Amino acid sequence: MNGIKIIICKEKIIVKKLNIIGDNRGNLISIEKNEILDFDIKRIYYLFGTKENVSRGFHAHKKLNQILIAVSGSVEIKMYDGNEWSTFILSSPDQYIKIGPGCWREMHNFSPDCVLLVIADYEYDENDYIRNFEEFKKYVSKNT
Ligand code: T46
């Protein structure tokens, strides 16, 4: 059972710390349905080998929920929920961010060793993306 410490909790953004199960061989983190994952997993993908000074993201999703974990290295996640910006640096495999629908996200300052694991509740669907910030602001003001 994970002892979960909440770091940030907003309507569309949750940042939590996971319990590390460690022993003299090293560490293990377990993520179970219902405890952290309140959705059925439909897709897992990961970003790695991101080039220096490259930023990614710059979009929002209409219905997708995602959990982001930097299983190696670090990355800065900037998020805009339509009202305010939040920034969090994922820099340890025992932290995760859950980002809900209607939230703009940008990923900056990837360390060369960063592996960003993403767990999602839908398959890839380009129609779920809003990739234009002005469009996103209109969308979020209509849908909240
Ligand atoms: C997100 C952040 C954290 C696929 O074919 N399947 C997939 O599952 C994904 C995620 C992407 N793609 C294709 C679509 C593009 O042609 O891979 C290419 C790169 O995708 P994108 O530019 O959207 O990648 P990022 O790093 O900007 O964003 C990704 C996710 O798309 C997004 O949902 O929240 O990671």
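These legends describe close-up views of a predicted model.

**View 1. Six strands make an open sheet.**
The strand order is E1-E2-E10-E7-E12-E5. The pairing is antiparallel. Strand E1 (5-9) and E5 stand at the edges. Each has a single partner strand, so one side of each is left without a neighbour in the sheet. From one strand to the next, the twist averages 20°. Strands of a sheet pair through backbone hydrogen bonds, and the pairing can be parallel or antiparallel.

**View 2. E2 pairs with E10.**
Five bridges connect E2 and E10, in the antiparallel sense. Find lysine 16, then look across to E10: tyrosine 96 stands opposite.

**View 3. Aspartate 94 and lysine 17 form a salt bridge.**
Their side chains meet with N and O 2.7 Å apart. The pair links distant parts of the chain, 77 residues apart. Aspartate 94 lies in the loop between strand E9 (85-90) and strand E10 (95-99). Lysine 17 belongs to strand E2 (residues 13-17). Is aspartate 94 buried or exposed? Aspartate 94 has a relative accessible area of 7%, under the 20% limit, so it counts as buried. Lysine 17 is partly exposed, with a relative accessible area of 30%. Side chains of opposite charge can pair when their charged atoms come close.

**View 4. Aspartate 38 and lysine 98 form a salt bridge.**
The closest N and O atoms are 2.8 Å apart. This pair also links distant parts of the chain, with their positions 60 residues apart in the numbering. Aspartate 38 sits in the loop between strand E4 (26-28) and strand E5 (43-48). Lysine 98 is in strand E10. Which side chain partner is exposed, and which is buried? Aspartate 38 has 53% relative accessibility, over the 50% limit, so it counts as exposed. Lysine 98 has 12% relative accessibility, so it counts as buried.

**View 5. Arginine 131 and glutamate 126 form a salt bridge.**
Here the closest N and O atoms are 2.7 Å apart. Arginine 131 is partly exposed, at 44% relative accessibility. Glutamate 126 is partly exposed too, at 34%. How many salt bridges does a search of the whole structure find? The search finds seven.

**View 6. Five strands make another open sheet.**
The order is E9-E8-E11-E6-E13. Pairing in this sheet is antiparallel. E9 and strand E13 (129-130) are the edge strands, and each pairs on one side only. Strand E6 (residues 56-61) and E13 run antiparallel, joined by two bridges. Histidine 61 stands opposite tyrosine 129 in E13. In a regular strand the side chains alternate between the two faces of the sheet.

**View 7. Strand E8 is largely enclosed by the rest of the structure.**
Why is E8 (residues 75-80) described as largely enclosed? Five of its six residues are buried, so the rest of the structure largely encloses the strand. E8 has a partner in E9, through six bridges in the antiparallel sense. Methionine 79 stands opposite serine 86 in E9. E8 also pairs with strand E11 (residues 104-108). Five bridges join E8 and E11, which run antiparallel. Lysine 78 stands opposite glutamate 106 in E11.

**View 8. E8 and E9 form a hairpin.**
Four residues lie between the two strands. Look for glycine 82 in the turn. Its phi is positive, at about 105°.

**View 9. The ligand has 13 residues around it.**
Which residues come nearest? They are Arg43, Arg56, His61, Gln66 and Tyr129. A polar side-chain atom of arginine 56 is 2.7 Å from an oxygen atom of the ligand. For glutamine 66, a side-chain N or O atom lies 2.6 Å from an oxygen atom of the ligand. For arginine 105, the corresponding distance is 3.0 Å. On its own, the ligand has 650 Å² of accessible area. The protein covers 69% of that area. Two of the nearest residues also appear in View 6: histidine 61 and tyrosine 129 stand opposite each other.

Key. Residues are numbered from 1 along each chain as its sequence is written. This is a predicted model: local features need pLDDT of at least 70, side-chain atom pairs count only at pLDDT 80 or more; totals for chains, interfaces and linings use all residues. Side-chain values use heavy atoms; hydrogens and water are left out. A salt bridge is a side-chain nitrogen of Lys or Arg within 4 Å of a carboxyl oxygen of Asp or Glu. Buried means under 20% relative accessible area, exposed over 50%, partly exposed in between (1.4 Å probe, protein chains only). Two strands pair if DSSP finds at least two bridges between them. Axes are lines fitted to C-alpha atoms, for helices over the stretch in contact, and angles run from 0 to 180 degrees between N-to-C directions. A residue is near a molecule or strand if one of its heavy atoms lies within 4 Å of it. A polar contact is a pair of N or O atoms within 3.5 Å; within protein, one must be able to donate a hydrogen and the other to accept it, and residues adjacent in sequence count only if both atoms are side-chain atoms. Accessible areas come from the Shrake-Rupley method with a 1.4 Å probe; for residues, only the protein chains shown count as cover.
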